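User: I am new to this structure and would like a close look at a single part. Please take the annotated binding site, and then say what lies elsewhere inside the model.

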Amino acid sequence: MLNRHARGFFTSLFTPLARWLLRIGVSPDAVTIAGTLGVILGGLVLYPLGYLWWGSVVVAFFAFSDVVDGIMARLQGRSGGWGNFLDSTLDRLADGAIFAGLTIWFFTSGEDPAIATAAVVCLVLGMVVSYARAKAESLGYQASVGIAERAERLASVLLITGLTGLGLPPVVLFGTLIILALASVVTIVQRMATVRRQAMAEADGAAAA
C-alpha cells in the first residue's frame with residue numbers, strides 16, 4: 001500500500017539524483033550494492049552496539065537506494081530481469097540484517113528477550129511474505145496483495161526502533177513487532193488465497209477447454 005502511494009512522490013524527488021549518478025558513470029547495480037552494504041552497516045553494526053537511533057537513520061538513508069536504482073534503470077531503459085533479481089536478493093539480506101541486529105542487541109546488552117524473540121518471528125514471517133510473492137510470480141500468478149508489504153514493515157520498525165533509541169519505552173517496540181508479525185501472517189494468508197483463486201480458475205478453464 002505504502003509502495004503504491006509513495007512511489008510517485010519519491011520518483012519525482014530522486015530523479016535528479018538518479019540522472020546525476022548516471023551522468024558521472026555510476027551504474028544502478030552499484031547503487032543497489034552500496035545501499036545494501038549501508039543497511040547492513042546500520043543493522044549489524046550499529047544496532048548490536050545499542051545505537052538504535054543512529055542505526056535507524058543510517059538504514060533509512062541507504063534504504064532509499066531501492067528507489068534510486070530503479071529510477072536509474074528506467075532512465076537507461078534497463079528495467080530487466082537481472083536488476084530485479086539482484087534487487088530482490090539483496091533486499092532479503094538487508095531485511096535480515098535489520099531484524100538480526102535487533103535480535104542481537106535485545107538478547108545481549110539490551111536485556112529484553114521478548115523483543116528479541118519478536119524480532120526473530122518478524123524476520124521469519126517477513127521472508128515468507130516475500131517468498132510467497134516470488135514463488136507465485138515464478139509460476140505465472142500474481143500475489144502483490146496484503147496489508148504488510150515490505151515498505152510498511154520497514155517503515156514501522158525503523159521509526160519505532162529509532163524512537164526507542166531516543167527514550168521511547170521498549171514496550172512500544174515490542175507491541176509494534178507483535179503487530180507486524182500478525183500483519184505478516186494475514187498477508188501470507190491473503191497471498192495464498194489469491195494464488196489459490198488464480199490456480200483454481202486456471203484449472204477450471206483447462207477443464208472446460
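Analyst: What follows describes the annotated site and then the enclosed space in this predicted model.

The UniProt record, an unreviewed entry, carries the annotation "binding site" for Asp-66, Asp-69 and Asp-87. These residues are spread over 22 residues of sequence, yet they cluster in space, with a largest C-alpha distance of 8.7 Å.

Asp-66 belongs to helix H4, which covers residues 65–76. Its relative accessible area is 23%, so Asp-66 counts as partly exposed, the range for that term being 20% to 50%. Beyond its neighbours within four places in sequence, Asp-66 contacts Asp-87, Asp-91 and Arg-150.

Asp-87 sits in helix H5. Asp-87 is buried because its relative accessible area, 18%, falls under the 20% cut-off. With residues up to four places away in sequence left out, Asp-87 touches Thr-32 as well as Asp-66 and Asp-69, two residues of the annotation.

Helix H5 also appears in the account of the enclosed space. The structure has 1 cavity of 30 Å³ or more, and the largest cavity has a volume of about 60 Å³. Its lining is made up of Asp-95, Phe-99, Cys-122, Leu-123, Gly-126, Met-127, Arg-153 and Leu-154. Helices H5 (81–107), H6 (113–138) and H7 (150–165) each give two or more residues to this lining. H6 gives the most, with 4 residues. By type, the lining of the largest cavity holds 5 nonpolar residues, 1 polar residue and 2 charged residues.

Key:
Residues are numbered from 1 along each chain as its sequence is written. This is a predicted model: local features need pLDDT of at least 70, side-chain atom pairs count only at pLDDT 80 or more; totals for chains, interfaces and linings use all residues. Side-chain values use heavy atoms; hydrogens and water are left out. On a 1 Å grid over the protein atoms alone, a cavity is a set of points where a 1.4 Å probe fits but cannot get out, and a pocket is an open set with protein on both sides within 12 Å along at least five of seven lines; lining residues have an atom within 4 Å of a point. Grid points are joined across faces, edges and corners, and a volume is the space filled by probe spheres set on the points. Ala, Val, Leu, Ile, Met, Phe, Trp, Tyr, Cys and Pro count as nonpolar, Asp, Glu, Lys and Arg as charged, and the others, Gly among them, as polar. UniProt positions are given in the numbering used here, feature names are shortened, and annotations may be inferred rather than shown by experiment. Buried means under 20% relative accessible area, exposed over 50%, partly exposed in between (1.4 Å probe, protein chains only). Contact means heavy atoms within 4.5 Å.
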